[in-house]
Amino acid sequence: MELLFKPANIDDIESIYLLCKDLIDKYEDKSVIDYQKVLLWVKNKIEKSISEYQAIYYQGNRAGYVHCFINEDGIYEIDDLYIFDEFQNKTIGTTVIKQICEKCSQDVMLYVFIKNKRAVSLYRRLGFEIVKTINNTRYIMVKSKAD
């Protein structure tokens with residue numbers, strides 16, 4: 001599958017924020033978080049790291065976004081991966097994750113909402129394993145480079 005990646009820019013901040021907010025609204029247990037504080041943190045995170053985000057293009061159309069980085073523990077993290085609804089079920093997310101894991105010389109980790117069954121299933125199929133549960137709402141999953 002041929003995908004093109006282009007740097008995201010400040011014009012993409014609001015779109016990425018709304019995608020993230022939608023996931024929080026769908027999958028987070030708002031009774032265990034300070035919702036407004038979380039949304040503010042998300043917005044600030046995106047604004048500060050927008051230069052690290054990549055827009056994903058499929059057949060000339062913007063199909064989503066991805067953000068990866070080396071976290072404070074020195075681990076390569078897939079922080080955000082969004083595939084727009086109209087581009088889901090076309091193996092775009094699978095291709096992005098496989099490319100990231102193939103290019104990375106170390107383990108890859110990510111956070112995923114437990115209730116996001118499709119995403120959890122996808123990550124498991126691609127070799128990620130659950131290593132920790134956070135607030136009974138999110139998993140930390142890791143794909144070992146040895147896999």
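In what order do the seven strands of the open sheet stand? Before I answer, please keep in mind that what we have in front of us is a predicted model. The order is E1-E2-E3-E4-E5-E7-E6, and the pairing in this open sheet is mixed. At the edges stand strand E1, residues 3-7, and strand E6, residues 129-134, and because each has a single partner strand, one side of each is left without a neighbour in the sheet. From one strand to the next, the twist averages 30 degrees.

As a reminder for those new to this, strands of a sheet pair through backbone hydrogen bonds, either parallel or antiparallel. E1 and E2 take the antiparallel sense, with five bridges between them, and Phe5 stands opposite Ile56 in E2.

Let me turn now to the helices. Helix H1 lies across E2, E3, E4 and E5, and runs at about 90 degrees to E4, whereas helix H4, residues 117-125, lies across E4, E5, E6 and strand E7, running at about 155 degrees to E5.

If we take H1 by itself, its 15 residues, 13-27, should span 21 Å at 1.5 Å a residue, and this agrees with its end C-alpha atoms, which are 21 Å apart. Which residues of H1 are buried? They are Ile13, Ile16, Tyr17, Cys20, Ile24 and Tyr27. Because these residues cover an arc of only 120 degrees around the axis, they sit on the same side of H1. What covers them includes helix H2, residues 35-49, together with the strands E2, E3, E4 and E5.

Terms used
Residues are numbered from 1 along each chain as its sequence is written. This is a predicted model: local features need pLDDT of at least 70, side-chain atom pairs count only at pLDDT 80 or more; totals for chains, interfaces and linings use all residues. Side-chain values use heavy atoms; hydrogens and water are left out. Helices (H or I, at least four residues) and strands (E, at least two) are DSSP runs, numbered from the N terminus. The expected span of a helix is 1.5 Å times one less than its number of residues. Buried means under 20% relative accessible area, exposed over 50%, partly exposed in between (1.4 Å probe, protein chains only). The arc is that of the directions from the helix axis to the C-beta atoms. Contact means heavy atoms within 4.5 Å. Two strands pair if DSSP finds at least two bridges between them. Axes are lines fitted to C-alpha atoms, for helices over the stretch in contact, and angles run from 0 to 180 degrees between N-to-C directions.
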